[in-house]
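The following note is offered to a colleague who is meeting this structure for the first time. Please read the numbered points beside the model.

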Amino acid sequence: MQDTATPHAPRRKPTLERGLELWLFRARWLMAPFYVGLVVALGGLLVVFVNEAIHELSGLAGMKPEGAILMALSLIDLSLAGNLLLIVIFSGYENFVSKIDTGDDEDRPSWMGTVDFSGLKMKLIASIVAISAIALLKAFMRLAEGEAINERLLAWLVGIHLTFVVSGVLLAVMDLVASKADKH
C-alpha cells in the first residue's frame, strides 16, 4: 500500500515574529554610515600621507641613508593604515550590510567577498602588528643614530608590540581550534 499522504507544509511563523525578524535584518543598514565615515577617514589619511611625503621629500637631497629609511618607513606606516581601513570598509560592508556589486570589473580585488569575520580579524591584527613593528623599528633606528630616546618609551613600544604579537597568535590559535570543533 502506497502512502499518498502529502508531507506537512512547513509551519508559517506568526506575523509579529516575521515582522520583527525583517526589522532586525534591515537594521544592518545602520552600519552603512560607519563605513562611509571610514571612507572619510581614508581621505583624511591620504591628506596626511601627501603632506608627509611633501615634507620628507623636500629634504631628500641632503638626507642620510638612515633618514631615507625612516622616511620610507613613515610612508609605509601610513600606507598600511590605509590598507587596513580599506580592508575593514570592504569586508565589513560585505559581511554585515550588503554585497558590493562591481559587475565584472577586472580591478575588483580577488579577496573581496571572501574575507569572513575570522579572516578580517587576522588581517586586522597582522596590520596592527606590522604598524607596531615599524614604530618600534623607527625608534631603534633613531637610537642607533645617537638620538636620545626615553627608555620608558622604548620599553612601552616593545611591550605593546609584544602584546599585539601574542594577541595575534592567540587569535590564530582560537580560530584554528574553532575550525576543528564540531559545528553545533
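**Notes on the structure**

1. Val-158 lies in helix α5; here helices are DSSP runs (H or I) of at least four residues, numbered from the N terminus. At a relative accessibility of 29%, Val-158 counts as partly exposed, given that buried means under 20% relative accessible area, exposed over 50%, and partly exposed in between (1.4 Å probe, protein chains only). Val-158 and Ala-133 are separated by 25 residues in sequence and by 8.8 Å in space, C-alpha to C-alpha.

2. The basis of these remarks should be stated early. This is a predicted model, in which local features need pLDDT of at least 70 and side-chain atom pairs count only at pLDDT 80 or more, while totals for chains, interfaces and linings use all residues. Residues are numbered from 1 along each chain as its sequence is written, and side-chain values use heavy atoms, with hydrogens and water left out.

3. Helix α5 covers residues 151-180, and Val-169 has its place there. Val-169 joins Val-165, Val-173 and Val-177 in a nonpolar surface patch of about 300 Å². Such patches are made of residues with over 30% relative accessible area and no salt bridge, nonpolar side chains (Val, Leu, Ile, Met, Phe, Trp, Tyr) being joined within 5 Å and like charges within 9 Å. The areas come from the Shrake-Rupley method with a 1.4 Å probe, and for residues only the protein chains shown count as cover. Val-169 has a relative accessible area of 48% and is therefore partly exposed.

4. How many salt bridges does a search of the whole structure find? The search finds two, a salt bridge being a side-chain nitrogen of Lys or Arg within 4 Å of a carboxyl oxygen of Asp or Glu. Side chains of opposite charge can pair when their charged atoms come close. One salt bridge joins Lys-13 to Glu-21, with the closest N and O atoms 2.8 Å apart. Lys-13 is partly exposed at 34% relative accessible area, and Glu-21 is partly exposed at 33%.

5. Another salt bridge brings together the side chains of Lys-121 and Asp-175, at 3.4 Å from N to O. This pair links distant parts of the chain, 54 residues apart: Lys-121 is in helix α4 (residues 117-144) and Asp-175 in helix α5. Lys-121 is partly exposed, with a relative accessible area of 24%, whereas Asp-175 is buried, at 18%.

6. Two further residues deserve a look. Leu-70, in helix α3 (residues 65-96), has 10% relative accessibility and so counts as buried. Leu-70 and Lys-138 are 68 residues apart in sequence, yet their C-alpha atoms are 6.2 Å apart in space. His-55, found in helix α2 (residues 32-58), is exposed, with a relative accessible area of 55%. The C-alpha atoms of His-55 and Ser-91 are separated by 33 Å, with their positions 36 residues apart along the chain.

7. The structure holds one cavity of 30 Å³ or more. On a 1 Å grid over the protein atoms alone, a cavity is a set of points where a 1.4 Å probe fits but cannot get out, and lining residues have an atom within 4 Å of a point. The largest cavity contains about 50 Å³ of space, a volume being the space filled by probe spheres set on the points, which are joined across faces, edges and corners. Among the residues that line the largest cavity are Phe-90, Ser-91, Trp-111 and Met-112.

Key: 1 Å grid on protein atoms, 1.4 Å probe; cavity = no way out; pocket = protein on both sides within 12 Å on 5 of 7 lines; lining within 4 Å. Helix = DSSP H or I, 4+ residues; strand = E, 2+ residues; numbered from the N terminus.
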